[in-house]
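Grab a pencil and work through the exercises below with the structure open beside you. Each one sets a task and then walks through a solution.

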Amino acid sequence: MTTNGTNSTKDAGKVFLIWGGEGWVAGHLKELLQQQKEKVFTTTVRMENREAVMAELERVKPTHVLNCAGCTGRPNVDWCEDNKEQVIRSNVIGTLNLTDCCFLKNVHCTVFATGCIYAYDSKHPPGGEGYLEADPANFGGSYYSATKSKVEELMTTYSNCLILRLRMPVSDDLHPRSFVTKISKYDRVVNIPNSNTILHDLLPCAILLASAGDTGIYNFTNPGAISHNEVLALFKKHVRPDFEWKNFSEAEQSKILKAGRSNCELNSDKLAKRMKDFGVEVKDVHTAYDECFQRMKANGVK
C-alpha cells in the first residue's frame, strides 16, 4: 500500500518514498518532508517481496528511498532471539532486496541502520576513543545486532546506498519507541555512557544527505556520550520534577535479559564535518538532550 504525503510539486524531479511508512521514524521523516514541501510517499510493502518491491518502485518512480523498515522486536530485542527466521527475512533478506532493487532502478537508498554493533573494549573504553565508521563490528551479544552488522557489511557494496547508524533514538515526546520513554518506565536502569540520536536534530540531516546523494556509512549520533543517569537527571529537571529512579549493575541486568545489550560511543566527526558543508551545526548530546527536554516542557509533556 502506498500513500501520498503531499500534493506539492516543489521539485518535480525529486520524489521520496519512505519504506516502513507506518513506523515511528518514518512518521517524523514524512512530516519533515511535508514541511519542506517535498513530494513524499510512504509504503508498507514487505521488503523481502521482490516482485512487490519492484512494482512499487515502478509505480511511484521515486528518486530517493528512505528505508525505515525492519524488525527490532517487541517489546525489545530479546524477541529476536526466539524469532530468528523472521529477523533474517526482514533485516537481512528484506534490507538487501530493497537496496538491490533500488540499485537496479537507479534510485538512491538511505537505510536507517543501527550503531548497536559495538561494545566498549580496551581500545574504546567509556570516555575514550569512539568507534569510527570503518571499525569492524565487535558486538554480537544479541541476534538483532549480529544480523545488523552482517547486512551492513554487504550493503556497503552498493554504490547507491547511504547507511545511517542510529543509536538509542529520542523524540520530543514520550513515544513508546523513544529511548527516554523506555528507561523512564524501567524499575531499574544501568548507568553507562552511550551515543544517542536526537531525532529533532538529526533527521533533517538525513534528508540533506539523501538529497545530496551521499553514500557510505555515517555514525548518525549527536557528538559525545551521555549516561542513563545524566539523561534521567535532565528529564527530572525539565519535564517531571518528582521523577525518581534506581540503578543496577550490568551483571544484575544480564540476569533479566535474554540477549546482551550494546554499550558504546560512536565517533560522529564525519557527520559533523559534512553538515558544515550545509551550514548546519550538530549539537553535542548533552546540549541536544537539554534542548529536547525544554521543548517537551514547552509542549506540555509530563
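**Exercise 1: an asparagine in a helix**

Asn97 has a relative accessible area of 9%, so Asn97 is buried. Keep in mind throughout that this is a predicted model.

Task: find the element that holds Asn97, and list what Asn97 touches beyond residues up to four places away in sequence.

Solution.
- Step 1. Asn97 sits in helix α3.
- Step 2. Check the burial call: buried means under 20% relative accessible area, and Asn97 comes in at 9%, so the label holds.
- Step 3. Skipping residues up to four places away in sequence, Asn97 touches Met47, Glu48, Asn49, Arg50 and Val53.
- Step 4. Two of these names, Met47 and Val53, come back in a core of 25 residues that also includes Ala69 and Val111.

**Exercise 2: checking the helix**

Task: work out what span helix α3 should have, and set it against the distance between its end C-alpha atoms.

Solution.
- Step 1. Helix α3 covers residues 84-104, which is 21 residues.
- Step 2. The expected span is 1.5 Å times one less than the number of residues, so α3 should span 30 Å.
- Step 3. The end C-alpha atoms of α3 are 28 Å apart, which agrees.
- Step 4. Now look along the axis: α3 bends by about 35 degrees at Gly94.
- Step 5. After the helix comes Asn106, with a positive phi near 60 degrees.

**Exercise 3: a strand with two covered faces**

Task: sort the residues of β2 by face and say whether each face is covered or open.

Solution.
- Step 1. Start with the rule: in a regular strand, side chains alternate between the two faces of the sheet.
- Step 2. In β2, one side carries Val15, Leu17 and Trp19, and the other carries Phe16 and Ile18.
- Step 3. These residues are all buried, and both faces are covered. Put as a count, five of the five residues in β2 are buried.
- Step 4. Add the partners. β2 and β3 run parallel and are joined by five bridges, with Val15 partnered by Lys39 in β3.
- Step 5. Between those two strands the chain passes through α1, and this β-α-β crossover is right-handed.
- Step 6. β2 also runs parallel to β4 (residues 64-67), with four bridges between them; here Ile18 stands opposite Leu66.

**Exercise 4: the largest nonpolar core**

Which residues touch the most other members of the largest nonpolar core, and which element gives it the largest share?

Solution.
- Step 1. This core has 28 residues, and Leu29, Phe112, Leu164 and Phe220 touch the most other members.
- Step 2. The elements giving two or more residues to this core are β2, α1, β6, α6 and α9.
- Step 3. α6 makes the largest share, with eight residues.
- Step 4. Zoom in on Leu164: leaving out neighbours within four places in sequence, its contacts include Phe112, Ala206, Leu209 and Phe220.

**Exercise 5: positive phi**

Where do Lys37 and Met168 lie, and is Met168 buried or exposed?

Solution.
- Step 1. Lys37 is not a glycine, yet its phi is positive, near 60 degrees. Lys37 lies in the loop between α1 and β3.
- Step 2. Met168, also not a glycine, has a positive phi of about 45 degrees. Met168 lies in the loop between β6 and α5.
- Step 3. Met168 has 17% relative accessibility, so Met168 counts as buried.

Conventions:
Residues numbered from 1 in each chain as written. Predicted model: local features only at pLDDT ≥ 70, side-chain atom pairs only at ≥ 80, totals over all residues. Heavy atoms only, no water. Buried < 20%, exposed > 50% of the residue type's maximum accessible area, 1.4 Å probe, protein only. Core = buried A, V, L, I, M, F, W, Y, C linked by side-chain atoms within 4.5 Å. Contact = heavy atoms within 4.5 Å. Bend = angle between axes of the 7 residues up to and from the residue. Pairing = 2+ DSSP bridges. Right-handed = clockwise from strand over helix to strand, strands pointing away.
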